[in-house]
Amino acid sequence: MTIKYTVLDPAKNITIIVQTPVKKQDRRFVADLLMKQEPSSEQVGFLEGNVLDMAGGEFCGNATRCAAVLAKANTIICAGLEIKCDGTAAFIPKELDGIKHFIKLEMMPKEQAEEEIKMQSNGEAIGFMFFDESKMELKPLVYVPTADTLYWENSCASGSVAVGKYLSEKYCKEIDVDLKQPGGILKVKTSPEDKYVVIDGKVDIIKTGELCIPELNY
């Protein structure tokens, strides 16, 4: 079986989108092979039509934006959520299923943070968003146990949603900020009355590729 895929760059949160149909039970296996072939990647999603399934079953905002660019779609469904998209912008609900984020206002030692996030996950995808409001900087740590991945991500769209929600509720006003992250900037816009946060930023297509997997034959 030959897997066709595209590698995209949304603020250096390098994402592989698989465009060949892959059975659900084989996706973890395929994702592991792809991430070895593309070592700069941080996550893998499987796109069929406008439905995006991440390798770990989690919701991913940046992968949703990537899928919208590839599919030229106004709506992407990820982790059961129907996300309205406009080009590279995604209108992501403040109340997210598929991943839980915690805003951390003080940085922790790397090893301590990695140990604590694993202890706190209870088998669900979880993010620690280390947020410095004075510099408007975010350092995301994301753990997805079902995919067995733990990354200090270069950017995190769903974590940026959590920051947007936090700021709009803290100041009770509309928020429109450039949120600096290790890999670049994500634009975050919302208000206390909104049920969603608009996340926008560049999405570059790096390459397309193929991977032959003899073990799969369908």
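**Buried, exposed, paired: checking the terms**

User: Why is R65 said to have no salt bridge?
Analyst: The nearest side chain of opposite charge, D200, is 4.2 Å away from buried R65. A salt bridge needs a side-chain nitrogen of Lys or Arg within 4 Å of a carboxyl oxygen of Asp or Glu, so the pair does not qualify. As for charge, Lys and Arg count as positive and Asp and Glu as negative, while His and the chain ends are not counted. Please keep in mind that this is a predicted model, where local features need pLDDT of at least 70, side-chain atom pairs count only at pLDDT 80 or more, and totals for chains, interfaces and linings use all residues. Residues are numbered from 1 along each chain as its sequence is written, and side-chain values use heavy atoms, with hydrogens and water left out.

User: Happy with that. What makes up the surroundings of R65 in terms of contact?
Analyst: Contact means heavy atoms within 4.5 Å. Leaving aside neighbours within four places in sequence, R65 has such contacts with P10, T88, A90, L186, I199, D200, G201, K202 and V203.

User: R65 is in helix α2; what makes α2 largely enclosed?
Analyst: Of its 11 residues, 61-71, 9 are buried, so the rest of the structure largely encloses α2. They are G61, N62, A63, T64, R65, C66, A67, A68 and L70. Helices here are DSSP runs of H or I with at least four residues, and strands are runs of E with at least two, numbered from the N terminus.

User: How do you know whether D26, A79 and C172 are buried, partly exposed or exposed?
Analyst: Buried means under 20% relative accessible area, exposed over 50%, and partly exposed in between, with a 1.4 Å probe and protein chains only. D26 has 15%, so it is buried. A79 has 30%, so it is partly exposed. C172 reaches 61%, so it is exposed.

User: And where do A79 and C172 sit?
Analyst: A79 is in the loop between β5 (75-78) and β6 (81-86), and C172 is in the loop between α4 (157-171) and β12 (175-181). Phi of A79 is near 55°, positive in a residue other than glycine; phi of C172 is also positive, near 55°.

User: How do you know on which side of α1 the buried residues lie?
Analyst: In α1 (residues 27-37), R27, V30, A31, L34 and M35 are buried. They cover an arc of only 130° around the axis, so they lie on the same side of α1. The arc is taken from the directions from the helix axis to the C-beta atoms. In general, an α-helix has 3.6 residues a turn, so residues three or four places apart point the same way.

User: Why are β12 and β13 called paired?
Analyst: Two strands pair if DSSP finds at least two bridges between them. β12 and β13 (184-190) have 7 and run antiparallel, so they pair. L179 stands opposite L186 in β13, and a hairpin joins the two strands through 2 residues.

User: Last one: what makes a set of residues a nonpolar core?
Analyst: Such a core is a set of buried Ala, Val, Leu, Ile, Met, Phe, Trp, Tyr and Cys residues joined through side-chain atoms within 4.5 Å. The largest one has 44 residues, and L52, F59, I92 and I199 have the most contacts inside it. α2 gives the most to this core, with 5 residues. Apart from it lies another core of 17 residues, including A31, L34, I213 and L216.
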